[in-house]
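Trainee: Could you take a close look with me at how the helices pack in this model? I would like to go through the contacts one pair at a time, and then see what else is worth a visit.

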Amino acid sequence: MNDSLTDHLNSVRTLLTDRLAGSADPREVLRAPELKALYDQIRVLEPSERAPFGQAVNSLKVSLEKRVTAIEAERLAADVESLDVTAPWDAGISADKRPTVLTSDHGSVHPLMRELERVIDIFTRMGFQSYESRQLDDDFHMFGSLNFPEGHPARDGYDTFRTTDGLIAPAHTSTMQHRILLEGREKLEVGGQIAAISYGRVFRNEDIDPTHEHTFYQVEGVFVSKAATLGDMLGTLRGFFQTYYGQTLRIKTQPAYFPFVEPGLEFLIEKPASLDGKGGEWLEMLGCGMIHPNVLEQAGIDPMQYRGFAWGGGVDRLVMLKYGIEDVRHFESGKLAFLKEFA
Ligand code: DAH
């Protein structure tokens with residue numbers, strides 16, 4: 001190929017490459033008249049010049065196409081704002097790009113979450129600190145720290161889901177007790193008390209039916225001081241239930257076994273007439289008791305100096321009674337007809 005053809009080709013290459021960088025639609029450059037003129041030129045060349053010039057023009061076109069594709073990809077990537085999929089939905093998205101379909105006026109708070117907020121609110125006003133429970137924990141927090149020795153049959157009562165590497169999807173919010181006690185220990189040392197709740201999702205590998213779900217919510221309470229008594233516990237729980245249901249309630253307890261309390265009790269309320277109670281109908285609302293000395297000791301709290309009470313129960317059941325919901329499975333069903341009743 002003679003020098004003037006080579007020079008010409010190079011000048012068109014430079015021209016089009018520069019144009020590509022500045023063009024709003026780089027693909028347009030592939031249809032540039034200068035490129036078309038090069039193809040037209042092939043036909044009028046000496047036969048000996050045609051093949052090498054034709055190949056050179058083709059390879060210019062191929063390299064321009066590659067550049068166009070690369071520029072398009074770069075621009076696309078720059079256009080899409082990076083998104084942290086684990087962050088709250090609107091984090092990192094500038095206000096004008098937030099999808100309007102997700103604003104809260106298009107939906108409503110799930111009834112369980114709304115009621116959970118109420119529960120937390122009542123205990124907060126009573127002076128309890130609140131902690132969200134974990135959705136993955138270890139054997140020590142779920143069992144060991146709560147006085148369930150290895151191989152203890154009471155472990156079998158919990159139908160726990162486990163991961164292949166031995167972690168547990170907690171079957172109760174008691175899984176937070178040890179952490180709460182550890183964190184609160186300092187307060188005891190300066191004459192204070194521990195008053196905390198932990199709330200959150202819990203999981204059990206059991207057959208589901210109208211009163212059993214594999215995923216549900218619990219609230220746990222822990223109170224420790226120099227002088228806590230079972231009477232304080234009953235007063236606290238009665239106060240909570242009366243506030244939550246907005247009326248005076250009859251309560252009673254019956255003995256129950258949980259390795260982390262001694263004595264252990266079940267706490268019952270009489271189903272009130274306003275919630276369809278016929279009188280004399282007792283409902284088990286939660287498990288409770290005086291914290292077992294071994295549990296305090298494991299958290300470095302001297303059981304000879306301090307005593308405490310704890311309780312834990314399901315939120316779903318609380319809400320079902322309040323609204324006369326007959327099937328616990330509605331909560332996790334995502335059925336709009338059900339959810340809209342609470343919107
Ligand atoms: N963690 C128990 C359960 O889910 C409930 C419970 C019973 C919690 C007694 C307590 C307690 O804190 O003292 O079956």
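Mentor: Gladly; here is a walk through the helix pairs, followed by the ligand shell and two backbone details. Please keep in mind that this is a predicted model.

To get our bearings, let us begin with the domains. The protein chain is divided into domain 1, residues 3-79, and domain 2, residues 106-340. Taken over C-alpha atoms, the centres of domain 1 and domain 2 are separated by 72 Å.

Now to the helix pairs. Two packed helices are described by the angle between their axes and the distance between the axes. Take helix H1 (residues 3-22) and helix H2 (residues 33-44): their axes come within 10 Å and cross at roughly 155 degrees. Angles over 145 degrees count as roughly antiparallel, so H1 is roughly antiparallel to H2. The crossing in which H1 passes H2 is left-handed. On the H1 side the contact is made by Val-12, Leu-15 and Leu-16, and on the H2 side by Glu-34, Leu-35 and Leu-38. By character, the residues of this contact of H1 with H2 divide into five nonpolar, no polar and one charged.

H2 also packs against helix H3 (residues 47-79), at an angle of about 160 degrees and with the axes 9 Å apart. H2 and H3 are therefore roughly antiparallel to each other. Their crossing is left-handed. From H2, the contact draws on Leu-35, Leu-38, Tyr-39 and Ile-42; from H3, it draws on Arg-50, Phe-53, Gly-54, Val-57 and Lys-61. The residues of the contact of H2 with H3 divide into six nonpolar, one polar and two charged. If you follow Leu-35 and Leu-38 of H2, you will find them in the contact with H1 and also in the contact with H3.

Next comes the pair formed by helix H4 (residues 111-125) and helix H7 (residues 230-245). The axes of H4 and H7 come within 10 Å and cross at roughly 135 degrees. H4 and H7 are therefore oblique to each other. H4 passes H7 in a right-handed crossing. In this contact, Arg-118, Val-119, Ile-122 and Phe-123 of H4 meet Phe-240, Thr-243 and Tyr-244 of H7. The residues of the contact of H4 with H7 divide into five nonpolar, one polar and one charged.

From the helices, let us move to the ligand. Around the ligand are His-172, Ser-174, Glu-220, Phe-258, Val-261, Gly-264, Gly-287, Cys-288, Gly-289, Ala-310, Trp-311 and Gly-312. Strand E7 (261-270), strand E8 (282-291) and strand E9 (307-314) are the elements that give two or more residues to this shell. The shell residues divide into five nonpolar, six polar and one charged.

Strand E7 also brings us to a backbone detail. Glu-262 and Pro-263 are joined by a cis peptide bond, with omega about 0 degrees, and Pro-263 has its place in strand E7. Val-261 and Gly-264, in turn, are among the residues that surround the ligand.

The other backbone detail is at Asp-159, whose phi is near 40 degrees, a positive value in a residue other than glycine. You will find Asp-159 in the loop between helix H5 (139-142) and strand E2 (161-162).

Terms used:
Residues are numbered from 1 along each chain as its sequence is written. This is a predicted model: local features need pLDDT of at least 70, side-chain atom pairs count only at pLDDT 80 or more; totals for chains, interfaces and linings use all residues. Axes are lines fitted to C-alpha atoms, for helices over the stretch in contact, and angles run from 0 to 180 degrees between N-to-C directions. Helices (H or I, at least four residues) and strands (E, at least two) are DSSP runs, numbered from the N terminus. Angles under 35 degrees count as roughly parallel, over 145 as roughly antiparallel, 65 to 115 as roughly perpendicular and the rest as oblique. A crossing is left-handed if the near helix is turned anticlockwise from the far one by less than a right angle, and right-handed if clockwise. Two residues are in contact if their C-beta atoms, placed from the backbone, lie within 7 Å. Ala, Val, Leu, Ile, Met, Phe, Trp, Tyr, Cys and Pro count as nonpolar, Asp, Glu, Lys and Arg as charged, and the others, Gly among them, as polar. A residue is near a molecule or strand if its C-beta atom, placed from the backbone, lies within 6 Å of it. Domain bounds come from an automatic or database domain assignment.
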